[in-house]
Amino acid sequence: MSYYMHDLTWPEFNDKKDKVVILPIGSTEQHAIHLPLCTDAKIAEQFSLHLAEEIDGVVMPTIVYGYKSKPLSGGGPLFPGTIDLNGNTLIYLVHDILMELIRDGFTKIFIMNAHFENEAFVVEAMDLVNRETNGAATIVESNWWDPMPEDVIDLIFDKVPFPGWALEHAAVTETSLMLYFAPELCKMDRTVDVVSTNALPYFRYPLKKDDVPESGALASCAYSSAEKGKIIVDKVLPELVNICKKEFNL
């Protein structure tokens with residue numbers, strides 16, 4: 001039996017009301033010239049699948065569009081192929097999906113987010129749904145970086161300094177995860193030397209072309225590997241499982 005909701009018939013899905021339903025959400029966004037536009041969505045889906053295998057959950061179709069990135073945490077609309085949603089659009093999209101699940105009788109919902117800028121809007125949707133349904137379902141949102149044990153940073157960034165999560169875009173962690181999850185989509189022969197970008201203490205609109213390096217990379221992906229991707233997954237997955245066990249009484 002598949003863990004993917006879209007592979008099930010409606011009666012098969014209906015029989016899983018006691019299971020945790022996992023909603024992956026990512027983005028369609030530039031990830032330099034060596035990673036695909038689906039990077040965040042692919043990482044969200046793969047973490048969701050691994051989690052479903054551990055807790056016997058169900059993985060919903062991935063939301064592949066997300067909220068706009070700021071210039072120095074992804075590039076925003078400066079690159080062709082980045083398809084952004086407005087904040088209200090994302091709130092209503094997640095809200096409507098959650099409401100449909102609850103109407104169908106599902107009460108354990110885990111949102112696996114892999115695009116940093118989504119979080120505030122996803123949480124707003126969760127709050128609205130919780131109010132409208134009087135807490136009919138337990139809804140949990142997490143990602144792959146916050147549950148990461150501190151020692152993983154030292155393991156992954158053994159040869160290059162950790163630039164901070166805002167600048168870790170298409171760099172070591174995401175590149176390593178994609179080399180582990182979907183190596184066929186990575187074009188490592190296209191990587192370029194990246195001079196570390198300095199974070200700014202302000203935001204400014206309109207955006208300018210030189211706000212982001214020409215390649216779209218904000219930090220180096222040097223020394224990325226599938227082995228490091230596996231380390232991240234092996235360390236983070238048990239933390240996600242523990243969250244589900246605690247919040248859903250598994």
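So, the β-α-β unit: strand 1, helix 2 and strand 2 make one here, and the crossover is right-handed. Keep in mind that this is a predicted model.

Let's go through the pieces, beginning with strand 1. That's residues 21-25, and five of its five residues are buried. What about the two faces? Well, both are covered. On one side you've got Val21, Leu23 and Ile25, and on the other Ile22 and Pro24, every one of them buried.

Now, who does strand 1 pair with? On one hand there's strand 2, just residues 58-59, which pairs with strand 1 in the parallel sense over two bridges. If you want a residue to look at, take Ile22: its bridge partner in strand 2 is Val59. Then there's strand 5, residues 108-113, which also runs parallel to strand 1, with five bridges joining them. Over there, look for Ile25, which stands opposite Asn113.

Okay, on to the helical part of the unit. Helix 2 covers residues 39-55. From first C-alpha to last, its 17 residues reach 24 Å, close to the 24 Å you'd expect at 1.5 Å a residue. And is helix 2 sitting out in the open or enclosed? Counting residues, 13 of the 17 are buried, so helix 2 is largely enclosed by the rest of the structure.

One last detail, at the end of that helix. The residue that follows helix 2 is Asp56, and its phi is positive, near 60°. Carry on along the chain from there and you're at strand 2, residues 58-59, paired with strand 1. And that's the β-α-β unit, right-handed, from strand 1 through helix 2 to strand 2.

Note on methods
Residues numbered from 1 in each chain as written. Predicted model: local features only at pLDDT ≥ 70, side-chain atom pairs only at ≥ 80, totals over all residues. Heavy atoms only, no water. Buried < 20%, exposed > 50% of the residue type's maximum accessible area, 1.4 Å probe, protein only. Helix = DSSP H or I, 4+ residues; strand = E, 2+ residues; numbered from the N terminus. Pairing = 2+ DSSP bridges. Right-handed = clockwise from strand over helix to strand, strands pointing away. Expected span 1.5 Å × (residues − 1).
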